Amino acid sequence: MNLKNAVILILLICLTVTGAVAGFKGLEVGNVKIKPIKDMMQLGLDLKGGVYVVLEAETDATGNDLDKIMNQTKEVLERRIDAMGLTQPNVNREGDKRIRVELPGVSDSNEAIKAIGKTAQLQFVDKEGKVILTGNDVKNAELMFQTDKGNLPVVSLEFKSEGTEKFREATKEAAINKDPIIIVLDNAVISAPRVNSEIPNGKAIIEGDFTREEAANLAALIRGGALPVELKEVQSSVIGPTLGLDSLNQSVKAALFGIIGVFIFMLIVYRLPGLIANLALVIYILVVLWSLIGFNAVLTLPGIAGLILSIGMAVDANVIIFERIKEEIRNGKSIRAAISSGFSRAFKTILDSNITTLIAGVVLYQFGSGPIKGFAVTLMLGIVASMITALGVTRLVLNIAANSKGLNNPKFYGA
C-alpha cells in the first residue's frame, strides 16, 4: 500500500470513528460542543408522545376557492401553534377539507386542541353595538402585566395604520360623554373600559379577569388572526410518552440486532469485501443520521422503518457488486480488473433499483401525510446515502486493498 492510499484509508477510518463517537457519546473540542445524536434528533408524535387532531372545515366552497380557504386556515393554525411556543408541530392537509395537527410533547391535549381550533372573533364595539374594529385591524398582541395593579396580566394591542385611525375616531367620539368601548371575544364581553380621552397612537389594553396563561393564549389567538372558516374536530388521539419511549427503545434494539447480524453475514460470506462493506455501512448510517439532524427532520416510527429499509438496500447494493466481482475473479481476471469490471456490471442494476424506489419515495412524500411523509423522507435520504457509500466508499477502499500487497489474494474475496 503506497503512502497516498494509506493516508486516505487512515483519514477515512478516523473520520468514521470520530463521527461514531460524536454520535453516541457527544464531542467537545474547545468551544465547540456536539451533543449525542439521541439528544439532537427531533422525535415525532409516536415516539415522544403528545396529541393529534384532525379538523374538518365546515364550508360549501369547492375548487380553487376551497383550496385557498384551506391554505389560509393551515397558515393561521401554524401561526397560532408557533405563538403557543409548542415545539416540532406538524400541520398538514388531509384530503380536501381536513387538516391534521400533530403536537408532540403536549401534556394538556384538550386545552391545546381548544386553543388551535378556536375561531377567536375579536371585535371592538361602541355603546350602540356598532363594530368599530375587528381582530383584522390588530398589528400585534402581547402578554403584559400591570404593575400598578398587582402585576395583573393583560393583553397589549397595537393596531395597524387603518385600525389606528378608526380607534382614534372612536375614542374621540366616546370621550365626549365618557362612553365605553366594549371588547368582545367570540360574542362574550371581556372588557368594557370607559374612554376619558382620545387615543391617537393606536395602542390599547384588554383587561379582564385573566390568569397569566389565559392572557398569553388570548394574545396568541389574536396574533394568529381569525380562522377563515369554522372547524369541526372529527378525530383526535393522545399518545402517552411511555408508549412512544417503549416503541423507540424496541425499534432501536431491533435495528441494532439486525445491523449486527448483517455485519456478521457480510464478513462470513464476502470476507475482505464484507469488512469493507461494514465500514461503508457505518458511514452510511452516520451520513443518514447526521443529515436528518442537519435538515431538522422529525424522526417517527415509520421514519425508522424507512431507515431500516434503506439499510437493506445499501447492503443489497454491496451484495450485487461483490457477486459480480466474484464472478469476474472465477473467470480468471486479476483482483483489480475484477473490481473494475464488477462495479461496471453492477452499476446499472443498482441505479435502476434505486431510481425506481426513489420515485416511489417522491410519490409517497407528495401525496402522503404525517407518518407517510416521514417514511418517504428517510427512505429517499437513505437511497442517496446508499448510492454514495456503495459506489463511492466501497469502491475506493476496495481499490486501495487491491493495490496492496498481501490483500490481492482471491481467497480474501470469497471467490
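Here are some notes on the pocket, the helix packing and the strands of this model, which is predicted.

1. **How much space is in the largest pocket?** It comes to about 890 Å³. The lining has 26 residues, and those closest to the pocket centre are F24, I37, V252, I285 and L289. If you want to find the spot in your viewer, those five residues are the ones to select.

2. **Who supplies the lining?** Five helices each give at least two residues to the lining of the largest pocket: helix 1 (3-25), helix 2 (37-40), helix 8 (241-270), helix 9 (272-294) and helix 10 (301-330). Helix 8 has the largest share, with nine residues.

3. **Character of the lining.** By class, the pocket lining splits into 21 nonpolar residues, three polar ones and two charged ones. So much for the pocket; the helix packing comes next.

4. **Helix 10 against helix 11.** Helix 10 turns up again here, having already supplied residues to the pocket lining. Its axis and that of helix 11 (residues 335-367) come within 7 Å, with a crossing angle of roughly 145 degrees. The handedness of this crossing is right-handed. In the contact between helix 10 and helix 11 you'll find twelve nonpolar, six polar and four charged residues.

5. **The three-stranded sheet.** Moving on to the strands, there is an open sheet with the order 9-10-13 and antiparallel pairing. Strand 9 (138-146) and strand 13 (203-206) are the edges, each pairing on one side only. From one strand to the next, the twist averages 25 degrees.

6. **Strand 10 with strand 13.** Strand 10 (residues 152-159) is joined to strand 13 by four bridges, and the two run antiparallel. For a concrete register check, look at E158, which stands opposite K203 of strand 13.

7. **What lies across these strands?** Helix 6 (residues 161-174) lies across both strand 10 and strand 13. Relative to strand 10, helix 6 runs at about 110 degrees.

8. **The hairpin of strands 7 and 8.** Strand 7 (residues 122-125) and strand 8 (residues 131-134) run antiparallel, joined by three bridges. V125 stands opposite V131 in strand 8. Five residues sit between the two strands of this hairpin. If you're going through backbone torsions, note G129 in this hairpin: its phi is positive, near 90 degrees.

Definitions and conventions: Residues numbered from 1 in each chain as written. Predicted model: local features only at pLDDT ≥ 70, side-chain atom pairs only at ≥ 80, totals over all residues. Heavy atoms only, no water. 1 Å grid on protein atoms, 1.4 Å probe; cavity = no way out; pocket = protein on both sides within 12 Å on 5 of 7 lines; lining within 4 Å. Points joined across faces, edges and corners; volume = space filled by probe spheres on them. Nonpolar A, V, L, I, M, F, W, Y, C, P; charged D, E, K, R; others polar. Axes fitted to C-alpha atoms, helices over the stretch in contact; angles between N-to-C directions. Left-handed = near helix turned anticlockwise from the far one by under 90°. Pairing = 2+ DSSP bridges. Contact = heavy atoms within 4.5 Å.
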